[in-house]
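Please open the model in your viewer and keep the selection panel at hand. The tour below proceeds from one selection to the next.

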Amino acid sequence: MRRKLVAGNWKMNGSRGALAELDGIAAAAAGTPGVDVGIAVPFTLIAPAAERVPGLTIGAQDVHLAASGAHTGCISAAMVAEAGARFTLVGHSERRCDRGESDADVKAKAEAARRAGLSVILCVGEQLAERDAGRAEAVVAEQIAGSLPEGAAADWLSIAYEPVWAIGTGRTPTLADVAQMHGTIRRQLAASIGGGADAMRILYGGSVTADNAADLLGAADVDGALVGGASLTAAKFVPIVSAASVIGG
Ligand code: PEP
């Protein structure tokens, strides 16, 4: 059975004062050993977060695909690892859509993160127009085909299915649609990496809250959640961790 993974994504939110929220999240994580918990904070908060709650897995939200060089304003995977990050997101839709990141970029970022010793959550997901056109599965399949890193394996890589239209909107797909997409992703992973696909975690992301977490986490082939807005406070995030614990812990 795959352990559930509940990861938060603070996006461009938070300051040192907000790190107090991590105390409650770290306590909840310690109290639910059957669930893996991580929080991806802004770059500037990685080191203070890792120092404040050493028992909690802290992550980055992005890394550069190069190890070093003339990339003004960018941060490498080794830099976030040195600061205390143990995982990173790659391919979040706010990077793919807003920053024009291609599947090849995302693949290279995942591989750079792996070389720096980070675990990776690789995000994929369709836009609303693509779903409405009946192309959701084809779009996600294309993203996975293009961005799955070399050496993809469950001990360092998870996939997050995040329909773009569900992120920050309060809308979620039906449970049947989530289960269908996750099943499709698992079959594609099996075709790409073989038996290792059984162990790879596929997270759902997009407007996960305390109210819908149990249903979403209970859907077939859903191995955890990537949580944006509801990860900003312990009060909203801890119940999601608890829901994962009840289902899979
Ligand atoms: C996200 O940023 O990955 C996300 C899923 O956001 P939200 O939970 O706010 O929809």
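Select threonine 44 and display its surroundings: this residue counts as exposed because its relative accessibility is 64%, where exposed means over 50%, buried under 20% and partly exposed in between, computed with a 1.4 Å probe on protein chains only. Threonine 44 lies in helix 2 (residues 43-52); helices are DSSP runs of H or I with at least four residues, strands are E runs of at least two, and both are numbered from the N terminus. The model is predicted, with pLDDT of at least 70 required for local features and 80 or more for side-chain atom pairs, while totals for chains, interfaces and linings use all residues. Residues are numbered from 1 along each chain as its sequence is written, and side-chain values use heavy atoms, with hydrogens and water left out.

Add threonine 57 to the selection. Its C-alpha atom is separated by 16 Å from that of threonine 44, the two residues being 13 apart along the chain.

Next, select lysine 11, in the loop between strand 1 (4-9) and helix 1 (20-31). What is the sign of phi in lysine 11? The value is positive, near 50°, in a residue other than glycine. Most residues other than glycine have a negative phi. Not counting residues up to four places away in sequence, lysine 11 has contacts (heavy atoms within 4.5 Å) that include Ala40, His92, Glu94 and Gly228.

Finally, select serine 207, in the loop between strand 7 (202-205) and helix 9 (213-218). Serine 207 is not a glycine, yet its phi is positive, about 60°. Serine 207 counts as buried because its relative accessibility is 18%.
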